[in-house]
Amino acid sequence: MLEVEQLSVRFGGSRLRRRKPIIHAVNGVSFQLDRGETLALVGESGSGKSTTARAALRLLRATSGTIRWLGRDVTTLTGSQLREHRRHVQMVFQDPYSSLDPSMTIDEIVAEPLYVHTKLDRAGRRDRVVQVLEMAGLSAQYLGRYPQEFSGGQRQRVAIARALATDPEVIIADEAVSALDVSTRNQILNLMKDLQAESGVSYLFISHDLGVVGHLAHRVAVMYLGSIVEEGSTARVFGAPAHPYTEALLKSVPSTSLTQQGTGRFRLAGEPPDPSRPPTGCPFHGRCAKAIDICSVEMPSPRPVPGGGTAACHLVPVTAAAQPATAGG
Ligand SMILES: Nc1ncnc2c1ncn2[C@@H]1O[C@H](COP(=O)(O)OP(=O)(O)O)[C@@H](O)[C@H]1O
Ligand SMILES: [Mg+2]
């Protein structure tokens with residue numbers, strides 16, 4: 001449904017502010033998202049997950065690359081065509097306390113995208129608001145209330161109801177459960193799963209925490225300094241990570257929140273490099289325990305790994321392609 005090829009996004013370095021360094025936020029990212037599928041983008045803060053998602057869905061402009069929606073090139077749409085395209089995509093953000101306007105009632109919040117994207121009249125909008133609130137597990141009795149009367153989990157249900165209102169094909173959930181306690185988080189993840197089974201919506205699920213994606217994602221793409229360093233089916237990436245960065249991320253997740261791998265708390269040493277001065281070679285080489293000489297010189301290209309998917313690492317033999325790839329993309 002959505003195909004992204006060699007997407008890059010740079011910030012800064014404009015004519016107006018010459019001193020500002022150019023930030024290479026996203027570098028040559030490619031992926032696709034199918035109908036009814038959940039693709040997780042994971043990686044540390046600043047790795048370019050939000051920027052990738054927003055650019056892929058034309059919420060911000062890519063510096064280069066191609067974006068196709070149902071086979072049609074939407075990379076350079078503008079004006080009314082772009083507005084029309086955007087109705088396919090809705091977002092749910094991390095902070096349920098700041099993402100809902102405190103001066104609006106719940107029915108106004110959920111009805112807002114219906115004003116923008118549909119021709120429904122007042123009664124039609126009201127019907128749809130009640131319907132999506134129920135889908136999100138909230139009773140119609142809350143219609144006239146304000147967000148501050150709700151808990152974090154209920155607010156995230158409101159945000160999900162709003163995202164569902166226009167019946168989008170894709171919902172970007174950007175750290176949507178990261179601020180919630182564990183039991184509320186699981187309730188929201190289950191809700192999202194049920195909604196997907198009912199409506200066939202696709203999720204681009206963004207998280208810095210690998211532990212939360214296992215429950216929901218069919219496929220995982222791991223980002224590091226603006227690049228996808230590994231991707232594949234969730235089972236393969238969790239069960240047999242091929243990139244040292246993925247391995248390190250998995251080790252940093254408490255074992256209870258993972259389905260397969262995990263060896264207790266572990267903090268990945270060091271910091272990611274500065275995206276305004278990206279290193280030569282593999283972006284991870286400075287923190288990689290397995291780095292060899294070539295890693296600081298040459299950027300590894302993605303190679304197919306046994307069990308499906310790819311990893312951009314010099315230690316993955318290029319000949320692994322011989323293995324039949326089953327799951328993943
Ligand atoms: N509007 C912006 N202007 C300048 N730099 C930005 C902007 N948005 C993001 N960045 C930078 O781009 C990089 C990637 O950011 P982001 O996509 O938000 O990462 P993530 O979502 O993985 O935390 C970071 O270095 C961030 O500081
Ligand atoms: Mg982000």
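**Exercise 1. Work out whether L225 is buried or exposed, then place it in the chain and look at its backbone.**

Step 1. Start with the accessibility in this predicted model. L225 has a relative accessibility of 8%. The cut-off for buried is under 20%, so L225 counts as buried.

Step 2. Now find its place. L225 sits in the loop between β9 and β10, the latter covering 227–233.

Step 3. Check the backbone. L225 is not a glycine, yet its phi is positive, at about 45°.

**Exercise 2. Find another non-glycine residue with a positive phi, this time in strand β1.**

Step 1. Go to strand β1, which covers residues 2–11; Q6 is in it.

Step 2. Read off the angle: phi of Q6 is near 50°, a positive value, and Q6 is not a glycine.

**Exercise 3. Describe the surroundings of A221 in strand β9.**

Step 1. Strand β9 spans residues 219–224, and A221 belongs to it.

Step 2. With a relative accessibility of 1%, A221 counts as buried.

Step 3. Next, list what touches it, skipping neighbours within four places in sequence. A221 contacts L39, A40, L41 and V42, and also I228, E230 and E231.

Step 4. Try a distance too. M91 is 130 residues away from A221 along the chain, and their C-alpha atoms are 19 Å apart.

**Exercise 4. Do the same for Q94: where does it lie, and what does it touch?**

Step 1. Q94 is in the loop that runs between β6 (89–92) and α3 (106–117).

Step 2. Its relative accessible area is 36%, so Q94 is partly exposed.

Step 3. Leave out residues up to four places away in sequence, and the contacts of Q94 are Q156, D174, E175, A176, S178 and A179.

Step 4. For a distance, take G71. Q94 and G71 are 23 residues apart along the chain, with 31 Å between their C-alpha atoms.

**Exercise 5. Explain why helix α1 is called largely enclosed.**

Step 1. Helix α1 takes in residues 49–56, which makes eight residues.

Step 2. Pick out the buried ones: K49, T51, T52, A53, A55 and A56.

Step 3. Put the two together. Six of the eight residues are buried, so the rest of the structure largely encloses α1.

Step 4. Look just past the helix as well: R58 follows α1 and has a positive phi, near 60°.

**Exercise 6. Track down the cavity and say what lines it.**

Step 1. Count first: there is one cavity of 30 Å³ or more. The largest cavity holds about 60 Å³ of space.

Step 2. Now the lining. The largest cavity has 13 lining residues, and P244, C282, C288, C295 and C313 lie nearest its centre.

Step 3. Sort the lining by class: nine residues are nonpolar, three are polar and one is charged.

**Exercise 7. Zoom out and decide how the radius of gyration of the chain fits a compact globule.**

Step 1. For 329 residues, a compact globule would have a radius of gyration near 20 Å. The chain comes in at 21 Å, which agrees.

Step 2. Add the outline: along the principal axes, the C-alpha atoms fill a box of roughly 65 × 50 × 40 Å.

Step 3. Look at burial and surface. Of the 329 residues, 49% count as buried. The chain exposes about 15500 Å², with carbon and sulfur atoms supplying 50% of that area.

Step 4. Finish with the fold's bookkeeping. The chain has nine helices and twelve strands. Among contacts with a separation of 6 or more, 61% join residues 24 or more positions apart.

Terms used. Residues numbered from 1 in each chain as written. Chains lettered and ligands numbered in written order. Predicted model: local features only at pLDDT ≥ 70, side-chain atom pairs only at ≥ 80, totals over all residues. Heavy atoms only, no water. 1 Å grid on protein atoms, 1.4 Å probe; cavity = no way out; pocket = protein on both sides within 12 Å on 5 of 7 lines; lining within 4 Å. Points joined across faces, edges and corners; volume = space filled by probe spheres on them. Nonpolar A, V, L, I, M, F, W, Y, C, P; charged D, E, K, R; others polar. Helix = DSSP H or I, 4+ residues; strand = E, 2+ residues; numbered from the N terminus. Rg over C-alpha atoms; globule rule 2.2 N^0.38 Å. Buried < 20%, exposed > 50% of the residue type's maximum accessible area, 1.4 Å probe, protein only. Contact = heavy atoms within 4.5 Å. Areas by Shrake-Rupley, 256 points an atom, 1.4 Å probe, with all protein chains shown as cover.
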